[in-house]
Amino acid sequence: MTENLVIVGGGQAAAQAIASLRALGFPGRIVLIGEEPVPPYQRPPLSKKYLSGEWGLDRVLLKADAFYAEMKVETRLASRAEAIDRQAGRVRAGSESFPYDKLLIATGSRVRRLACPGAELPGIHHLRTLSDVDAIRPALTAGARLAVIGGGYIGLEVAAVAKGLGCAVTVIEMGERCLNRVVAPQVSAFFETVHRQAGVEIAVNARVTACEGKGRLERIVCASGRAIEADVAVVGIGILPNQEIAQQAGLAVDNGIMVDEFALTSDPAIAAAGDCANFPSALYGRRIRLESVQNAIEQGKAAAAALAGRPARYHDVPWFWSDQYDLKLQIAGLNQGYDRVVVRGDMGARKFAAFYLKAGRLIAVDAVNAPAEYMTCLKQLIPAGAEIAPERLADMSVSMKEIAASTR
Ligand code: FAD
């Protein structure tokens with residue numbers, strides 16, 4: 001009898017799972033239910049080259065249309081899965097109901113929305129989907145006054161692109177520094193300097209309390225009373241996992257859908273992968289939920305393997321990147337709990353690495369235009385939990401190859 005496999009959510013993790021399922025020889029019927037009207041696409045360009053207009057839709061789609069036919073996948077796009085009936089083994093989406101033997105939940109996440117008076121005024125945008133960008137891009141004309149609310153990666157990437165398009169940009173950050181949740185103070189200071197040098201205004205310790213305007217956005221008011229004139233605003237204040245469909249089906253959720261190291265939920269017929277999944281990390285000894293392409297791909301592979309009956313542990317080192325101006329920031333590992341930061345290279349020359357150590361062991365790196373530092377940490381030093389003398393890490397006369405060799 002043909003096995004039925006349903007995938008709820010049509011993003012990065014779903015596209016990977018389809019390719020992996022077929023590569024593993026899964027012979028059954030695969031149905032992909034995706035809420036957006038387009039097949040799975042990459043989100044990173046949405047705040048980078050798709051936003052700037054350098055890339056078109058063809059560059060962001062993860063697979064050509066022919067892929068889904070070749071993989072014998074039935075796609076239901078612009079279709080939202082509303083409920084999972086685990087007893088009956090069915091997923092309901094609109095007027096249709098799909099039987100499943102195996103189910104993958106890859107519903108990703110949604111933006112945290114700005115909540116203050118005036119937050120719904122025309123001219124205020126959030127950024128998660130292609131259609132969000134299609135609405136933002138026409139507003140980013142030379143001379144337009146853009147307020148970016150939230151100084152995280154997405155906010156800073158939008159600021160860099162908008163500056164390149166000739167906008168007057170102000171970044172409004174509630175915390176005391178940009179990127180405050182994710183990098184060390186010296187790395188935040190570096191990025192703030194770069195943006196200020198490019199002509200971006202950065203307002204920190206600035207909490208938005210209201211958006212004002214007659215019929216559309218004219219200004220943003222902060223708790224201090226300061227009003228920032230703006231024609232358009234892009235909000236990037238974090239995301240929330242799309243876990244409700246799993247929760248309603250009685251699956252365990254806690255900041256994401258709880259899965260094991262094989263990406264299986266509390267129901268072994270159901271896997272979850274990507275932004276929506278909360279998993280145990282052997283490397284960090286705790287549960288984590290990641291919001292990255294690497295995680296969507298690797299966990300998508302693990303979910304496919306588990307559902308195809310060939311379980312494989314997911315234990316990769318997390319990695320992430322951000323492009324701003326001429327800077328390629330590459331991050332390996334998670335820095336939470338670090339007790340020391342060592343900088344190697346020259347921040348002034350826009351080429352350096354910040355290593356994060358915990359009890360002497362390397363746990364993460366932020367590498368700016370420094371691919372050797374990034375790759376050595378990702379592939380060798382972080383998985384090994386290497387103990388390296390800080391002076392040696394900082395010493396540019398010792399190559400990363402030599403550092404790696406001496407820690408083996
Ligand atoms: P998604 O790609 O979000 O896909 C989930 C899909 O499921 C969505 O289309 C959603 O509409 C759909 N869905 C949800 N619920 C339902 C339902 N009930 N029924 C049907 N469909 C449903 N990561 C990096 O590593 N590097 C970067 O530089 C980077 N830049 C980014 C820039 C932006 C602007 C954004 C938004 C994200 C960025 N990310 C980056 C994060 C990365 O894109 C995500 O982590 C990744 O897309 C997660 O993949 P996913 O498959 O879990 O979820």
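These are my notes from looking through a predicted model, one topic per entry.

**Entry: the ligand**

I started with the ligand and what surrounds it. Around it I count 33 residues, and A13, E36, K48, R128 and D275 come nearest. By class, that shell splits into 13 nonpolar, twelve polar and eight charged residues.

Next I looked up polar atoms facing the ligand's oxygens. E36 puts a polar side-chain atom 2.5 Å from a ligand oxygen. R128 also has a polar side-chain atom by a ligand oxygen, at 2.7 Å. With W321 it is the backbone: a polar backbone atom there sits 3.0 Å from an oxygen atom of the ligand.

How much of the ligand's accessible area does the protein cover? On its own the ligand has 1000 Å² of accessible area, and the protein covers 97% of that. I then checked which elements give two or more residues to the shell, and they are helix 1 (12-23), helix 9 (293-307) and strand 22.

**Entry: strands 22, 23 and 26**

Strand 22 came up at the ligand, so I followed it to its partner. Strand 22 covers residues 319-324 and runs antiparallel to strand 23, with six bridges joining the two. One pair I noted is D323, whose bridge partner in strand 23 is K328. The two strands make a hairpin with two residues between them. In that turn, Y325 has a positive phi of about 55 degrees.

Strand 23 also pairs with strand 26 (residues 361-368), again antiparallel, through five bridges. Here I wrote down G333, which has A364 in strand 26 as its bridge partner.

Is strand 23 mostly covered or mostly open? I find it mostly covered: the strand spans residues 327-333, and six of its seven residues are buried.

**Entry: cysteines**

I looked for disulfides and found zero in the structure. Why does C167 have no bond to another cysteine? The closest cysteine sulfur belongs to C178 and is 18 Å from the sulfur of C167, so it is too far for a bond. I also looked up cover for C167, and it counts as buried because its relative accessibility is 2%.

C211 was my next stop. It is in no disulfide either, and its nearest cysteine sulfur, that of C116, is 4.0 Å away. A disulfide needs the two sulfurs within 2.5 Å. C211 has a relative accessible area of 5%, so I put it down as buried.

**Entry: two loop residues**

S47 lies in the loop between strand 2 (29-33) and helix 2 (49-52). Is S47 buried or exposed? It counts as buried, because its relative accessibility is 4%. Its side chain makes a polar contact with the side chain of E157, at 2.6 Å.

A263 is in another loop, the one between strand 18 (257-258) and strand 19 (270-272). I have A263 as buried too, because its relative accessibility is 1%. I also took its distance to G118: the two are 145 residues apart in sequence, and their C-alpha atoms are 41 Å apart in space.

Key:
Residues numbered from 1 in each chain as written. Predicted model: local features only at pLDDT ≥ 70, side-chain atom pairs only at ≥ 80, totals over all residues. Heavy atoms only, no water. Buried < 20%, exposed > 50% of the residue type's maximum accessible area, 1.4 Å probe, protein only. Helix = DSSP H or I, 4+ residues; strand = E, 2+ residues; numbered from the N terminus. Pairing = 2+ DSSP bridges. Near = heavy atom within 4 Å. Polar contact = N/O pair within 3.5 Å; in protein donor to acceptor, adjacent residues only side chain to side chain. Areas by Shrake-Rupley, 256 points an atom, 1.4 Å probe, with all protein chains shown as cover. Nonpolar A, V, L, I, M, F, W, Y, C, P; charged D, E, K, R; others polar.
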